[in-house]
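Visitor: Could you take me through one part of this protein in close detail? I'd like to follow a single helix and what lies around it.

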Amino acid sequence: METQERMEREINLKDLFWGVIFGWRQMICFGILFAILVSGMRYFLDVRSYDAQQNVDVEFERGELEEEDARKIADAVEVAARKEGYEKYLDTAAIMQVDPYKKPVVGLQYYVDSDYVINYTKDSKHDYTNDIMAMYANYIKSGEVSQKVIEMAGLSIESEEFSELCSVEQTGSTMTIWITYPKEDKLDTIADAIRTLVSEKEPELQTIGSHTLKELEGYKNTVVDTSLLERKTTIINTIASLDTQLTNAKSAMTPQQLSIYEEDLAKEIGEKEEEEEEAPGFSLKYLILGAFVGIFLVCAWIACRIIFTAKLQNAEEIRSLYGVRLIGEVETPAGRKRFLPVIDDKLLAIKNRRKKKLTLDQQVKVACANAAVSCNQQGLDCVYLTGSEYDGLDKDILGRMKKELSAQGVQVKEGVNMFYDAASLKNGIEVGNILFVEQKNKSIYDEISNEINLVREQGGNILGMVVLA
């Protein structure tokens, strides 16, 4: 009788795919683990590099300086601080954001109509009209009005900046309030806020003298402000001049002097250096990279385990590898995982969506009926159940199979691996009709091959094989 030589099995890509998918728990665990490891290692290296930069002994280097060098550093720091101040003012001050060639302005004019009357027959009293108007002008210039206008108009500036945007001209009993702002649409809102505050102030100033404050026709226009243009030009030229001085001063410094200069400048302007602002921290990029590395390694490991495994992976391999008839396939109840078993159920439902769902009893009955029909066709009334891992198979399923075969008129005898057990070999050959029962992911290819070859060499009749999944 011909023996079955071991064949190279084909890899089922579908089984490979689902094998990887069902390893989602390992993917999560290793993804988290490698995310922590990779980002942690990166953080450790960054901290070590950062500490190395911070441990420069600046004070020791300062003690080594000559008096002249120390003075040069102090002068350079002063120049840099002045330059920083001018640049900040030019970039952030509200008045500097106004276009001097198209400066929007609103003018509010007021007139004081006092109740003062000169009585030439008696001692004349002091005319208080000009004093009242001066009080209104001083009130508009005060910080109290500035802060109230900012709050009422919703401006994003400081009260000090508002004084540069609002000016007051007072002559005798008249007063003109000039207002400008970078955003022209805010001018009317600012003007309304000032009108409200001036009106609220009128009753208070009646104590100086009875009067009526009247608002005359105002102005709204766009003008060219040459004084603002000259002011911006002067600041820009000053920055350029200071930058030239600073460049010349720094070019003459040694690396040690530059280090001291940077530290003193940071203290002078009250800000940390750029390197200090970017203190080491855990990087999201390396967390994601580490997670991908962990998931990739798990997928590669699962794929290699399936490709290079020595255990039975698919029931159809019984036909292709050993030329043995597949009597049936029975799915054994799998133990549920404790962590999110519902995901496994969903994945299994997707995997088997095109297969009709049979109960365990139905699967056993179909397999046993197939075996019984084969026995009837060959005129057999007894079969011998065995397998390479028979002693480790599910006893409940084996009991169901024996009971079902007996119910269909087939006598059943059983034994363990015939290749290693002499009594099982003797009993199996005496019966002569062998029905193998093997388990996916448990039965070993070589062990199955050894048993099949042994039965064929002894002249036994192999009915087929039932595979437990």
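Guide: Happy to! One term first: a residue is called buried when its relative accessible area is under 20%. Please keep in mind that this is a predicted model.

Let's look at helix H18, which covers residues 445–457. Its 13 residues, at 1.5 Å a residue, should span 18 Å, and the C-alpha atoms at its ends are indeed 18 Å apart, so expectation and model agree. Ten of those 13 residues are buried, so H18 is largely enclosed by the rest of the structure. The buried set is made up of Tyr-445, Glu-447, Ile-448, Ser-449, Glu-451, Ile-452, Asn-453, Leu-454, Val-455 and Arg-456. You will notice that charged residues such as Glu-447, Glu-451 and Arg-456 are listed there alongside Ile-448, Ile-452, Leu-454 and Val-455.

What does the covering? Among the elements that cover the buried residues of H18 are two helices, H13 (317–322) and H17 (422–431). Strands S7 (382–386), S9 (433–439) and S10 (461–468) also take part.

Now for the two ends of H18. Ahead of the helix, the loop between S9 and H18 holds Asn-441. Most residues other than glycine have a negative phi. Asn-441, however, has a positive phi near 60° although it is not a glycine. Asn-441 is partly exposed, its relative accessible area being 47%. On the other side, H18 is followed by Gly-459, whose phi is also positive, near 80°.

The covering elements deserve a visit too. Asn-433 sits in strand S9, and with a relative accessible area of 10% it counts as buried. Setting aside neighbours within four places in sequence, Asn-433 is in contact with Leu-380, Cys-382, Val-383, Tyr-384, Gly-428, Asn-461 and Leu-463. If you match those contacts to the ranges above, Cys-382, Val-383 and Tyr-384 fall within S7, Gly-428 within H17, and Asn-461 and Leu-463 within S10.

Finally, consider the approach to H17. Asp-421 lies in the loop between strand S8 (411–414) and H17. The side chain of Asp-421 reaches the backbone nitrogen of Ala-423 at 3.4 Å, and Ala-423 belongs to the 422–431 range of H17. Asp-421 is partly exposed, with a relative accessible area of 29%, whereas Asn-433 in S9 is buried.

So the picture to take away is a helix with ten of its 13 residues buried, covered by elements that include H13, H17, S7, S9 and S10.

Definitions and conventions: Residues numbered from 1 in each chain as written. Predicted model: local features only at pLDDT ≥ 70, side-chain atom pairs only at ≥ 80, totals over all residues. Heavy atoms only, no water. Helix = DSSP H or I, 4+ residues; strand = E, 2+ residues; numbered from the N terminus. Expected span 1.5 Å × (residues − 1). Buried < 20%, exposed > 50% of the residue type's maximum accessible area, 1.4 Å probe, protein only. Contact = heavy atoms within 4.5 Å. Polar contact = N/O pair within 3.5 Å; in protein donor to acceptor, adjacent residues only side chain to side chain.
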